[in-house]
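Here are some exercises to work through with the model open beside you. Try each task before you read its solution.

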Amino acid sequence: MSPTETSSTTKREIQVEIPAEDVARETATLVQKYQKLARIPGFRTGHAPASIIKQRFAEGIKSDVVEALVPRYFRKETDKLGLMPVSQPRVSDLHVHDGEPLRFKASFEVMPAIRVEDYKELRADKPDISVTDEEVEQSLKSLQEQRATFTSIEGSPLGDGDFAQVSLDGKPKDGEGPAQTSTKPGPTGTNPVHMDDILVEIGGQGTMPEFTENLRGASAGDERTFDVHYPQDFSDQRLAGKTFTYTVKVNAIKQKSLPELNDAFAKELGEFADLAEVRTRIREGMEAEKKHTAEREAKDKLVGELVKRNDFEVPEALVEHQIDIRLDRGLRALAAQGMKTEDMKKMDLNRLRGGQRDQAVQEVKAALLLEKIAEEEKIEVSDAEIDREVEALAAQSKQTPEAIRSRLTRDGALDRIRNRIRNEKTLDFLYHQSA
């Protein structure tokens, strides 16, 4: 039976007819099962006549017949037509009557025919990944800053370059919103807070001007109350345009001392012979990071260009599945950042799903195109590569590789891992052949 023609390349509708004798045979089998369990007044369990069973449980038997036969014959019909459904069928026009064939229509989606063109003409960007001496020195200075020491000083008020060790309370002014505080200092929490032992650099680049202006000239033991107004273009939009009132007590005045950059400093950092070796290792690390970032960005552009050159319709079921994956990943990230379950439940999931749709479509297209290129180029994933992935997951979760493999097999995740590795290898192929 041929599928109904549609303008879509992924949507199909077929009509299926199940022979009356097959329906009768399945019905008789189900009637026997009902007979064994049914309790009918006037009859011992298992001895009620089939005619009474069919009359008493007509709707249940009919439902069970449909549930048993429709999926089976749907698969037989799609196999005969050479169709590979990627979604559950939507059944309509169901016709079920005693002594007649069972008929129904099934609407579903199939994988589109994909023809990848021009992928061998793709060219990746090759940006400069060299590291300058200035970048190395800046990184070395950051290491030096991390090992700074702070010494209390007495007898002089706070001046530029000094550090005030303070306790502070912060709250929004005139009900503008919840106070939030950080060590800049500035807001990051969600409730009025009290914090101790915050270091504020007077005149420092990361210090709000109001802190510098109000604490400059203060001595240990002094307390100052002042407002901090955050500009409209402030980087944290939760604070932009708001005013907060801070009460700050200066507990101590400190000066920062930096260790000298010499071979002794190098040895304190780890197993380095001298400062020259530290600089070499910094340069190598920065070059590796730049190379990794450049390669990732170049691959993203390659995939974007690949999708742009090969447009096709994607099954809605695959898009919805990808949206599910993206949402699950996002919600897990929010949970890891401390968002409560009850707050997540208040989120507008329909709006969130809509916001994920365009990116999900791109990701599905990219995955299908990479799979097609892998077929063309005969790119495969070996058992050894799967074993390495399983061993890495086992080490990460502190379980045995056998336990991880068993769970992945049970969940059907091994095939997903194999497909992911295959797509990664295909992307590597595209990147290197584009040089």
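**Exercise 1. Find out whether Asp197 is buried, partly exposed or exposed, and what its phi is.**

Step 1. Asp197 has a relative accessible area of 52%, so this residue is exposed. The classes are: buried under 20% relative accessible area, exposed over 50%, partly exposed in between, with a 1.4 Å probe and protein chains only.

Step 2. Asp197 sits in strand β6, residues 193-201. Helices (H or I, at least four residues) and strands (E, at least two) are DSSP runs, numbered from the N terminus.

Step 3. The phi of Asp197 is near 55°, which is positive in a residue other than glycine. Most residues other than glycine have a negative phi.

Step 4. Now turn to Lys378, which is not a glycine and also has a positive phi, of about 55°. Lys378 belongs to the loop between α10 and α11, and its relative accessibility of 67% makes it exposed.

Before going on, a word on the ground rules. This is a predicted model, in which local features need pLDDT of at least 70 and side-chain atom pairs count only at pLDDT 80 or more, while totals for chains, interfaces and linings use all residues. Residues are numbered from 1 along each chain as its sequence is written, and side-chain values use heavy atoms, with hydrogens and water left out.

**Exercise 2. Work out which parts of the chain are tied together by the salt bridge of Arg279 and Glu137, then look at other pairs.**

Step 1. Apply the rule: a salt bridge is a side-chain nitrogen of Lys or Arg within 4 Å of a carboxyl oxygen of Asp or Glu. The count by this rule is 35 salt bridges.

Step 2. Between Arg279 and Glu137, the N to O distance is 2.6 Å. Arg279 is in helix α7 (residues 275-309) and Glu137 in helix α4 (residues 133-146), so this bridge ties together parts 142 residues apart in sequence. Arg279 is partly exposed at 29%, and Glu137 is partly exposed at 33%.

Step 3. Next, take Asp428 and Lys299, whose closest N and O atoms are 2.3 Å apart in a salt bridge. Asp428 lies in helix α13 (residues 413-433) and Lys299 in helix α7, 129 residues apart. Asp428 is partly exposed, with a relative accessible area of 29%, whereas Lys299 counts as buried at 13%.

Step 4. Glu389 and Arg420 form a salt bridge too, at 2.3 Å from N to O. This pair links helix α11 (residues 383-397), which holds Glu389, with helix α13, which holds Arg420, across 31 residues. Both ends are partly exposed: Glu389 at 22% and Arg420 at 35%.

Step 5. Finally, shared partners join Glu316, Glu320, Asp324, Arg353 and Arg357 into one network of salt bridges.

**Exercise 3. Which element gives the largest share of the largest nonpolar core?**

Step 1. A nonpolar core is a set of buried Ala, Val, Leu, Ile, Met, Phe, Trp, Tyr and Cys residues joined through side-chain atoms within 4.5 Å.

Step 2. The largest core has 27 residues, and the members touching the most others are Val116, Tyr119, Leu306, Leu369 and Leu430. Two or more residues each come from α7, α8 (316-336), α10 (349-377) and α13. The largest share, nine residues, is from α10.

Step 3. Follow Leu369: apart from neighbours within four places in sequence, its contacts (heavy atoms within 4.5 Å) are Ile114, Val116, Leu306, Val307, Asn310 and Phe312.

Step 4. A separate core has 24 residues, including Ala38, Ala48, Ile61 and Val66.

**Exercise 4. Decide where the prediction calls for caution.**

Step 1. pLDDT is the predictor's confidence in each residue, from 0 to 100. The average here is 88, and 94% of the residues score at least 70.

Step 2. Among the elements, strand β3 (residues 102-109) has the highest mean pLDDT, 96, and helix α9 (residues 341-345) the lowest, 81.

Step 3. Residues 177-190 have pLDDT below 50, although this stretch makes 50 contacts in the model beyond near neighbours in sequence. Where pLDDT is low, the predicted coordinates should not be read in detail.
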